[in-house]
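I'm opening a fresh page for this one. I'll jot down what I look up as I go.

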Amino acid sequence: MRLYFTPILTPEGTIHLKVRPEVSSLDYSNALTISGFTIPALSTRRVESEMELRDGQSFAIAGLVDNRVTQIADKIPGLGDIPILGKFFQSRSLQKSRTELLVLVTPRIVKPLQSNQVPAPPYYPVPFMAPMTGEKPASPASGQMTPRK
């Protein structure tokens, strides 16, 4: 995956943003075989978009869908070539895959600090759940908490 972007700050205070995400994957359907070694090709999908956003606004680009159906046929040499009975010595399998790329961007305008200013410390979000204490959960019948031993 690769993401090219070019932000331009406009005189109105908005951000003109050019975005070009690109994703590549191995393509065995167009593979090259040399001396028994299979070298897969690359399948690349890309999209390009431009938009104008205010500071903190978000946008999403979805797409770049990759639908693949791979069929693998295998047989036991010799036995798989026998008419009618050879089907018992053959196997076929299908593998389906679907992937999609979603790019979500929220541009921010960062203003430089004065030489006498100190940057703000990192922001650590408040945990969703309180940390565990030294107590065991109560049994459903008692309805009370019991201390751990």
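Before anything else, a cut-off I keep needing: I call a residue buried when its relative accessible area is under 20%, exposed when that area is over 50%, and partly exposed in between. With that in hand, I checked Glu22: its relative accessibility is 9%, so I put Glu22 down as buried. A reminder to myself is that this is a predicted model.

**Entry: the overall layout**

I went through the elements next. I found eight strands and zero helices in the protein. Read from the N terminus, the order is simply β-β-β-β-β-β-β-β.

How much of the protein is buried? I looked it up: 16% of the 149 residues count as buried. The exposed surface comes to about 12700 Å², and carbon and sulfur atoms supply 59% of it.

I also looked at contacts between residues at least 6 apart in sequence, and 50% of them join residues at least 24 apart.

**Entry: β1, β2 and β3**

I started at the N-terminal end. Strand β1, residues 2-9, pairs with β2 in the antiparallel sense, over eight bridges. To get my bearings I picked out Leu3, whose bridge partner in β2 is Pro21. The two strands form a hairpin with five residues between them. In that turn I noted Gly13, which has a positive phi of about 90°.

Then I moved on to β2 and β3. These strands are antiparallel too, and their pairing runs over nine bridges. Here I marked Leu26, whose bridge partner in β3 is Leu42. This hairpin has two residues between its strands.

Which residue of this hairpin takes a positive phi? I found Ser35, with phi near 50°. I underlined that, as Ser35 is a residue other than glycine. Ser35 sits in the loop between β2 and β3, and its relative accessible area of 70% makes it exposed.

**Entry: salt bridges**

My search of the whole structure turned up five salt bridges. The background I wrote in the margin: side chains of opposite charge can pair when their charged atoms come close.

I went back to Glu22 for this. Its side chain meets that of Arg20 in a salt bridge, at 3.9 Å from N to O. Arg20 is partly exposed, with a relative accessible area of 28%, whereas Glu22 is buried.

What else does Glu22 form a salt bridge with? I found Arg46, and the closest N and O atoms of that pair are 3.0 Å apart. Glu22 is in strand β2 (residues 15-34) and Arg46 is in strand β3 (residues 37-46), so this pair ties together parts that are 24 residues apart in sequence.

I looked at Lys75 and Asp81 as well. Their side chains meet in a salt bridge of 2.4 Å, N to O. Lys75 is partly exposed at 41% relative accessibility, and Asp81 is partly exposed at 48%. Back with the earlier trio, I noted that salt bridges with shared partners join Arg20, Glu22 and Arg46 into one network.

**Entry: the nonpolar core**

Which residues make up the largest nonpolar core? I listed 11 residues in all: Leu17, Val19, Val23, Met51, Leu53, Phe59, Ile61, Leu64, Leu101, Val103 and Val105. I then asked which strands supply them, and β2, β4 (49-53), β5 and β6 each give at least two residues to this core.

I took Ile61 as my example. Leaving out residues up to four places away in sequence, I found that Ile61 touches Val19, Val47, Ser49, Leu101, Leu102 and Val103.

**Entry: the loop between β5 and β6**

Next I turned to the surface. I found a nonpolar patch of about 570 Å², made by Ile76, Leu79, Ile82, Leu85, Phe88 and Phe89. I checked where Ile82 sits, and it is in the loop between β5 (59-75) and β6 (90-105). With a relative accessible area of 36%, Ile82 is partly exposed.

Ile84 lies in the loop between β5 and β6 as well. I noted its positive phi of about 60°, although Ile84 is not a glycine. Is Ile84 buried or exposed? At 74% relative accessibility, I wrote Ile84 down as exposed.

How values were computed. Residues are numbered from 1 along each chain as its sequence is written. This is a predicted model: local features need pLDDT of at least 70, side-chain atom pairs count only at pLDDT 80 or more; totals for chains, interfaces and linings use all residues. Side-chain values use heavy atoms; hydrogens and water are left out. A salt bridge is a side-chain nitrogen of Lys or Arg within 4 Å of a carboxyl oxygen of Asp or Glu. Buried means under 20% relative accessible area, exposed over 50%, partly exposed in between (1.4 Å probe, protein chains only). Helices (H or I, at least four residues) and strands (E, at least two) are DSSP runs, numbered from the N terminus. Contact means heavy atoms within 4.5 Å. Accessible areas come from the Shrake-Rupley method with a 1.4 Å probe; for residues, only the protein chains shown count as cover. Patches are made of residues with over 30% relative accessible area and no salt bridge: like charges are joined within 9 Å, nonpolar side chains (Val, Leu, Ile, Met, Phe, Trp, Tyr) within 5 Å. A nonpolar core is a set of buried Ala, Val, Leu, Ile, Met, Phe, Trp, Tyr and Cys residues joined through side-chain atoms within 4.5 Å. Two strands pair if DSSP finds at least two bridges between them.
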